[in-house]
Amino acid sequence: NNGDNDDTGIEREFEWLEERIQPVKYEGNILGRKAVEAAASLGYKPAHNDDDSHDWRWESPGTSTTMRIALDQDGRRQDMYRALGADDNRITLLKGMAERLIISTDKKDGDNDNDDEQSKMYASGVVIRMEDGSLESIILQNDEASEVIVSCGAIDSPKLLQLSGIGPKDLLQKLEIPLVHDCPAVGEGLKDHVMNILSFEIPITTLLDPEMFSPNSINASLYDESLDAQLLFTDGGSTAHYLPLSLLEPFSEKAPSLTVYGRAKDAMAYIAACLLLYTLQTMIAYIPSYRVKLESSLGILINVMKPTSVGTVMIRSNDPNDAPLIDTQYLSEEHDLDTLVKATKIAREIVNAEPLSDIVDKEILFGEVDDDERQAIKKRCSPYHHSTGTCSGCLDDQLRLKGIGRLRIADASSLPFHPRVPTNASSMAVGARCASLIAAHLALQQEEGTNGGKEK
């Protein structure tokens, strides 16, 4: 529930999404079924029955080989933008990076310097660095119905606010950013599902089974309610496909450099990545043994789903091109480390249990081997990239930023709690809730205008 008086809370938004996306159930393969059977021998029960009931959720206790994914008419994975029926003709897309928000002051007759800050300041636009390096200011229409909605994620939303002069006063003064609104909560409250990853080698002869791999590499899941830990059993079948593509991903997200030297350096790095990409694709396509080696693995992603460790996201300079300082504070709380240690032990017990043990050769160890399991997990733990909460402390129950009018934050940074599930659905629900809140606000304005400005 996001704090309003609606008894259905945000569940209504999930139902709205479910109806439009209509995710398809996908049953795991042999690897997933063997993992579930091995877990069953240790006392873990299925999370749901094999029927069409909606009682099962991702965080339901127990094991499951069922995944729910969005597919298009041709059976291909579909992104949520298209699954929700977005119309490109109704959306203006600007290719660039938001550098700061434009905050204006509403001065009316009789205003003075002692007026309430919230009644005077409002978001009136955004400054965008375009692909060609030029700056463009997008200004809202001068009416109360127009709003700026920030949806840059749990990392870049607080960054944008801080660059705009909205954040901790001491930080902004230190970085010589004009203070617009002192809001210490911006950038605080960072949480993530920290994970430990185990890898095991599968005999190449086992790979001859065509049912060994799944389309999205996830074969089974286990949720241990007593630990609030999740185990995902994955195969290496997709490694040969996503590994080359991941080389170019950083270039698709990087803002354009503002200097000739910077652009030359980026160009050289891009050329090097393309050459490496071509080499990898050639090896995967024409050397079967190389492709098989990439695929011959079982991975277990072990996740802390209710972390207590809390981090921060703070800008390091007033340059929008600089990445922010992300202090994750992973495993800083003993509860999180204890959970990961216990869940890792359970994962190894499942691998060593039949029938999963029949198809696993040995564990693949990365880096130096540490006899102290706690220290080893600390060294190799990684993010699940489910960051949340970094703007929740500065929002009201309408997703509006306290102290600044006509400005809402609608993404994972807005979540006042950390979901026990991957944050994709929760982030979409926040967007749907934001749309509902704006629609209700506009309807109320229209109603008040119809009634001569008098509230009912």
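1. Helix α2. In this predicted model, the buried residues of α2 are I30, L31, G32, A35, V36, A38 and A39. The elements that cover these buried residues include strand β2 (62–64), the strands β12, β13 and β14, and helix α11. An α-helix has 3.6 residues a turn, so residues three or four places apart point the same way. The reader may wish to look for that spacing in the structure while following the list for α2.

2. Helix α11 and its surroundings. Helix α11 covers residues 334–351, which is 18 residues. From its first C-alpha to its last it reaches 26 Å, close to the 26 Å expected at 1.5 Å a residue. Its buried residues are D336, L337, T339, L340, A343, T344, I346, A347, I350 and V351. Which elements do the buried residues of α11 pack against? They pack against two helices, α2 (30–40) and α12 (373–380), and against the strands β11 (195–201), β12 (218–224), β13 (229–235) and β14 (297–304).

3. The largest nonpolar core. This core holds 34 residues, and those that touch the most other members are L231, F233, L298, I300, I302, I350 and L356. Two or more residues come from each of α2, β11, β12, β13, β14 and α11. Which element gives the most to this core? It is α11, with seven residues.

4. I302 as an example from that core. I302 is one of the core residues that touch the most other members. Leaving aside residues up to four places away in sequence, I302 touches V194, M195, N196, L198, Q230, L231, L340, A343, T344 and A347. Among these partners, L340, A343, T344 and A347 are also listed as buried residues of α11.

5. A further core. Apart from the largest core lies another, of 28 residues. Its members include V148, C391, L395 and V430.

6. The contact of α11 with α12. The axes of these two helices are 10 Å apart, and the helices pack at an angle of about 100°. Why is α11 described as roughly perpendicular to α12? An angle of 65 to 115 degrees counts as roughly perpendicular, so the angle between α11 and α12 earns that description. On the α11 side the contact involves E334, L337, D338, L340, V341, T344 and R348, which meet E373, R374, I377, K378 and R380 in α12. By class, this contact has seven charged, four nonpolar and one polar residue.

7. The contact of α1 with α13. Helix α1 (residues 11–21) and helix α13 (residues 424–450) have axes that come within 9 Å and cross at roughly 105°. This crossing makes α1 roughly perpendicular to α13. R12, E13, F14, W16, L17 and I21 in α1 meet A425, S426, M428, A429, A432, R433 and S436 in α13. The residues of this contact divide into eight nonpolar, three charged and two polar.

8. The loop between α11 and β17. V360 has its place in the loop between α11 and β17 (362–364). Is V360 buried or exposed? V360 counts as buried because its relative accessibility is 14%, and buried means under 20%. Not counting residues up to four places away in sequence, V360 touches F200, E201, L298 and V351. The C-alpha atoms of V360 and S296 are separated by 9.9 Å, although these residues stand 64 residues apart along the chain. P355 also lies in the loop between α11 and β17. A cis peptide bond joins E354 and P355, with omega about 5°.

9. Two residues with positive phi. E176, which is not a glycine, has a positive phi of about 60°. E176 is found in the loop between α6 (169–174) and β9 (181–182), and at 67% relative accessibility E176 counts as exposed. R406 is likewise a residue other than glycine, and its phi is positive, near 55°. R406 lies in the loop between α12 and β18 (407–409). With a relative accessible area of 17%, R406 is buried.

10. The chain as a whole. The chain has 13 helices and 18 strands. Of its 456 residues, 43% count as buried. Among contacts with a separation of 6 or more, 72% are accounted for by residues 24 or more positions apart.

Methods: Residues numbered from 1 in each chain as written. Predicted model: local features only at pLDDT ≥ 70, side-chain atom pairs only at ≥ 80, totals over all residues. Heavy atoms only, no water. Axes fitted to C-alpha atoms, helices over the stretch in contact; angles between N-to-C directions. Helix = DSSP H or I, 4+ residues; strand = E, 2+ residues; numbered from the N terminus. Parallel < 35°, antiparallel > 145°, perpendicular 65-115°, else oblique. Contact = heavy atoms within 4.5 Å. Nonpolar A, V, L, I, M, F, W, Y, C, P; charged D, E, K, R; others polar. Expected span 1.5 Å × (residues − 1). Buried < 20%, exposed > 50% of the residue type's maximum accessible area, 1.4 Å probe, protein only. Core = buried A, V, L, I, M, F, W, Y, C linked by side-chain atoms within 4.5 Å.
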